Amino acid sequence: MEMTHQLKLPVGIENFKDIRTDGYYYVDKTSMIRDLLNSRGLVNLFTRPRRFGKSLNMSMLKSFFEIGCERELFDGLNISMDHTLCEQFMGRFPVISISLKGTEAENFSTSRGLIVRAVKEEAERLFFLSESSRLIESERESYFQLLDNEMNDETLYRSLRTLSRLLQKHYGKKTIILIDEYDVPLAKANENNFYNQMVILIRNIFDQALKTNDSLYFSVLTGCLRVSKESIFTGLNNPNVMSVTDAEFDEYFGFNDSEVRKLLAYYGLSGFYDVIKEWYDGYLFGKARVYCPWDVICHVRKLCTDKDAPPENYWSNTSSNDIVRRFIQKSENGSTKREIENLVAGEVIQKEIRQELTYRDMYASTENIWSVLFMTGYLTQRGRRDGSRFSLAIPNREIRTIFTTQIMDYFRENVAKDGNRAIRFCDALKNGQSEDAETQFTAYLRKTISIRDTSARSGMKESFFHGILLGILSVKEAWVVISNRESGDGFSDILIEIEDEALGIVLEVKYADNGNLEESCRKAMQQIENMRYVEELRNNGMEHILKYGIACYKKRCRIVLDEESQLSDDD
């Protein structure tokens, strides 16, 4: 009996041919070809967040349309069932395919050089043009100029137009141009203050290739943002834009629910469906609910070798998440801070969304940042209310952890800047002044963006307040602060040892789901006693022990001290 080998998971594999020939699992998105042919414009732009399959789909388009394609790559896939379409379009066109993904750099010269290299590598792939008998000598000279690392601006501006014209001359057919991650060089240019130079470069390349190019059959571009038409698409007649708000092509980027169920069943992991849905589902593109495919594939690979592997933030680890950090830093006004709190709590807010922005405008206002967060996948829609006004939410558990991590990092930065309040809180704890400690901690809660997830268990809600306490206590470098370590019969929240005074402090935090702070304080104190949290402190020579029960609810807190905790072990 012939053994069948399990397909590999395509982590980081963006080449369609490699997936189809090297034994990788493929989620069939080839019906996109039919829809593209039925509704295409001359210029078609797909905008989606990173890691949602844009590059793989572009590779799939190239493999389908390019003259000399390997037709067997599509055997058994959805598009192969449309025999008439395949006969008319498969392998019938010259294709230019470049990616600007790897063209980001710290300065304009280097970024321009990387764009030149991307053009040169595509020209080298089409080297048969150098010997084409259908080209005259001057046309071959134009081709060889595209192989020059030092090509001048005029050659670079006209490069894709030149290639398409030469391909049309060689094959007698118009060319399809594919440009993946078109906005990457613009994003980096904006960060490093050479945006104007990069806009001129990209605009000129696009004008020549996409605007007045008689050799163009159609083009497809992908990117994260829909960059303002006035910025780089000047003069193009109504580019066909498919963004995260459009129903067209809504299931072709990302995995839908049935695709995830099928993938999990194939690897014998159906029992992990609920966890994967909670962490990586929740995006609404057009009318389709989709998962982030990068997350799903990465976590399934982990589970294949370790069924106990916890969910991770795979998507967030592929970027600096700088947009969230900047947004939180700008959220000092009360309304924005409250809106962030509501989002983290799992609620929905309404915002005007500008889908066309220049990169220079991204951080110009808080309202613009809302739009960028939406288009880049940190927020998703939960229904459009009116025109450009959308109901927005955090899509899933993974993205929520990005927000909470950035919020806590920003809190720690502020603690470091203003250490006086933190020192007052710490001194109050050390001196047994529970009312003063409560006053200081409440002031922190009122100022800080609150992290409360209405769907989370109490223990997860408590972790936010636990994190705030650790951030405040960090100002006391001489104190030994032990967090969530096994002590006695359980796990304490925070143990503190002030060695030069032989003083130990136990902090037990409870979240008051019903708002009853007194009751939660009693539960905290009872847990300290029942679990014998003070045992480790006494074993480490702490002669005096202070036991604090801390109860929190939204922006309120209550701190109770066990008065007997000031007695020594011998009393």
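This is a chat about the pockets, the cavities and one helix pair of a predicted model.

Trainee: Hi! Where should I start if I care about empty space?

Mentor: Let's begin with the general idea. Rolling a probe the size of a water molecule over the atoms shows where empty space is left. Keep in mind that this model is predicted.

Trainee: Okay, so how much space lies in the largest pocket?

Mentor: The largest pocket holds about 1,200 Å³ of space. It is lined by 47 residues, and those closest to its centre are Arg50, Arg51, Lys54, Glu181 and Cys224.

Trainee: Which helices supply at least two residues of that lining?

Mentor: Look for helix 3 (54–65), helix 9 (184–191), helix 14 (293–305) and helix 15 (322–329).

Trainee: And which helix gives the most to the lining of the largest pocket?

Mentor: That would be helix 9, with five residues.

Trainee: How does the lining of the largest pocket split by class?

Mentor: There are 24 nonpolar residues, ten polar ones and 13 charged ones in the lining of the largest pocket.

Trainee: Next one, please. What volume does the second largest pocket have?

Mentor: Its volume is about 630 Å³. Here 28 residues form the lining, and Asn15, Ser59, Lys62, Ser97 and Glu122 are the closest to the centre.

Trainee: Which elements each supply at least two residues there?

Mentor: For the second largest pocket they are helix 1 (16–21), helix 3, strand 2 (95–99), helix 5 and strand 3 (175–180). By class, this lining divides into eight nonpolar, nine polar and eleven charged residues.

Trainee: Let's switch to closed spaces. How many cavities of 30 Å³ or more are there?

Mentor: The count comes to two. About 60 Å³ of space lies in the largest cavity.

Trainee: Which residues line the largest cavity?

Mentor: You can find Ile98, Leu100, Ile115, Val119, Leu160, Ile179, Ile202, Ile205 and Phe206 around it. Two elements, helix 5 (108–125) and helix 10 (195–211), give two or more residues to this lining. Helix 10 gives the most, with three residues.

Trainee: What classes do the residues lining the largest cavity fall into?

Mentor: Nine are nonpolar, with no polar and no charged residues in that lining.

Trainee: And how much space lies in the second largest cavity?

Mentor: About 40 Å³. The residues lining the second largest cavity are Pro49, Val244, Tyr283, Leu284, Phe285, Phe374, Gly377, Leu379 and Thr380. Strand 6 (residues 283–285) makes the largest share of this lining, three residues. By class, seven of the lining residues are nonpolar, two are polar and none is charged.

Trainee: New topic! At what angle do helix 12 and helix 13 cross?

Mentor: The axes of helix 12 (residues 257–266) and helix 13 (residues 273–280) cross at roughly 140° and come within 11 Å.

Trainee: Why do helix 12 and helix 13 count as oblique to each other?

Mentor: Angles over 145 degrees count as roughly antiparallel. The crossing is roughly 140°, so helix 12 and helix 13 are oblique to each other.

Trainee: Is their crossing left-handed or right-handed?

Mentor: The crossing of helix 12 and helix 13 is right-handed.

Trainee: Last one: which residues meet there?

Mentor: From helix 12, Asp257, Val260, Arg261 and Leu264 meet Tyr273, Ile276 and Lys277 of helix 13. By class, this contact has four nonpolar, no polar and three charged residues.

Terms used: Residues numbered from 1 in each chain as written. Predicted model: local features only at pLDDT ≥ 70, side-chain atom pairs only at ≥ 80, totals over all residues. Heavy atoms only, no water. Axes fitted to C-alpha atoms, helices over the stretch in contact; angles between N-to-C directions. Helix = DSSP H or I, 4+ residues; strand = E, 2+ residues; numbered from the N terminus. Parallel < 35°, antiparallel > 145°, perpendicular 65-115°, else oblique. Left-handed = near helix turned anticlockwise from the far one by under 90°. Contact = heavy atoms within 4.5 Å. Nonpolar A, V, L, I, M, F, W, Y, C, P; charged D, E, K, R; others polar. 1 Å grid on protein atoms, 1.4 Å probe; cavity = no way out; pocket = protein on both sides within 12 Å on 5 of 7 lines; lining within 4 Å. Points joined across faces, edges and corners; volume = space filled by probe spheres on them.
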